Amino acid sequence: MKRLSISILLLVFLFSSVQVFAEYSRSKVVKVMRNNLKMMRQLKTAEENEDFFSAAEAFMEIAQGSNTIKDYDPKRGPQSAWNNTHLSMINTAFGGIGACGNEDIEAVREAIAAISALNAQGHSAHK
Ligand code: HEM
């Protein structure tokens with residue numbers, strides 16, 4: 001009986017320890033989102049002017065924003081989907097920076113389009 005209680009306690013402990021996510025902060029998410037919007041506008045202008053430096057800066061800010069909020073437990077939708085979408089945002093933004101380094105405007109456009117698609121995916125699942 002004692003051994004069973006200890007096993008149950010251990011299971012409860014293990015289960016609760018993997019369920020710990022960061023608490024959702026609306027003010028921090030909104031701050032990141034407003035900056036995302038600003039960076040998407042910066043990317044549009046940078047793409048039109050083939051300004052690779054400005055585009056790389058905007059991709060980096062988008063990656064940093066997603067990195068700040070990726071561990072939050074969203075108000076709506078599963079945490080795993082929230083986390084995966086933000087990891088994809090970071091990955092795609094890093095790809096965009098690589099495209100800037102190669103001065104490959106077509107690859108920059110593709111990265112911007114992929115970020116827009118992740119934006120739509122994130123909003124339909126969690127907003
Ligand atoms: C470049 C990509 C994105 C842009 C431009 C963007 C833009 C925005 C904007 C303008 C808002 C409204 C903020 C306000 O209240 O003033 C918003 C809200 C929100 N967005 Fe995004 N977003 C992006 C990506 C994402 C992603 C990837 C997710 C989730 C995985 C997400 C989840 C949300 C949520 C949950 C809210 C509501 C926040 C709240 O009121 O608690 N967004 N977004």
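Which helices do the buried residues of α4 pack against? Keep that question in mind while we walk through this predicted model, and we will come back to α4 once the overall layout is clear.

Let's start with the fold. The protein chain has five helices and zero strands, so reading from the N terminus you meet α-α-α-α-α. Of its 127 residues, 21% are buried. If you look at contacts with a sequence separation of 6 or more, 66% of them join residues that are 24 or more positions apart.

Now to α4, which covers residues 79-101. Its 23 residues should span 33 Å at 1.5 Å a residue, and the end C-alpha atoms are indeed 33 Å apart, so the expected and modelled lengths agree. The buried residues along this helix are W82, T85, H86, M89, T92, A93, G96, A99 and C100. Here is the reply to our opening question: they pack against α3 (52-69) and α5 (105-126). After α4 comes E103, which has a positive phi, near 50°.

The neighbour α3 can be checked with the same ruler. For its 18 residues, 1.5 Å a residue predicts a span of 26 Å, and this agrees with the 26 Å between its end C-alpha atoms. Buried positions in α3 are A55, A56, A58, F59, I62, A63, G65 and S66, and the partners they pack against are α2, α4 and α5.

That packing leads us to the nonpolar interior. The largest nonpolar core contains 18 residues, and A55, A58, F59, I62 and I115 have the most contacts inside it. Two or more residues of this core come from each of α2, α3, α4 and α5, with α3 giving the most, six residues. F59 is a good place to zoom in: leaving aside residues up to four places away in sequence, F59 touches A93, G96, I97 and A111. Of these, A93 and G96 also appear among the buried residues of α4.

Finally, turn to the ligand. A shell of 21 residues surrounds the ligand, and the closest are M33, N36, T85, N119 and G122. One of these, T85, is a buried residue of α4. At least two shell residues come from each of α2 (26-49), α4 and α5, and α2 gives the most, with eight residues. In terms of chemistry, the shell consists of 11 nonpolar, seven polar and three charged residues.

Key. Residues are numbered from 1 along each chain as its sequence is written. This is a predicted model: local features need pLDDT of at least 70, side-chain atom pairs count only at pLDDT 80 or more; totals for chains, interfaces and linings use all residues. Helices (H or I, at least four residues) and strands (E, at least two) are DSSP runs, numbered from the N terminus. A residue is buried if 20 or more other C-beta atoms lie within 10 Å of its own, exposed if 12 or fewer, and partly exposed in between; C-beta atoms are placed from the backbone. Two residues are in contact if their C-beta atoms, placed from the backbone, lie within 7 Å. The expected span of a helix is 1.5 Å times one less than its number of residues. A residue is near a molecule or strand if its C-beta atom, placed from the backbone, lies within 6 Å of it. Ala, Val, Leu, Ile, Met, Phe, Trp, Tyr, Cys and Pro count as nonpolar, Asp, Glu, Lys and Arg as charged, and the others, Gly among them, as polar. A nonpolar core is a set of buried Ala, Val, Leu, Ile, Met, Phe, Trp, Tyr and Cys residues joined through C-beta atoms within 7 Å.
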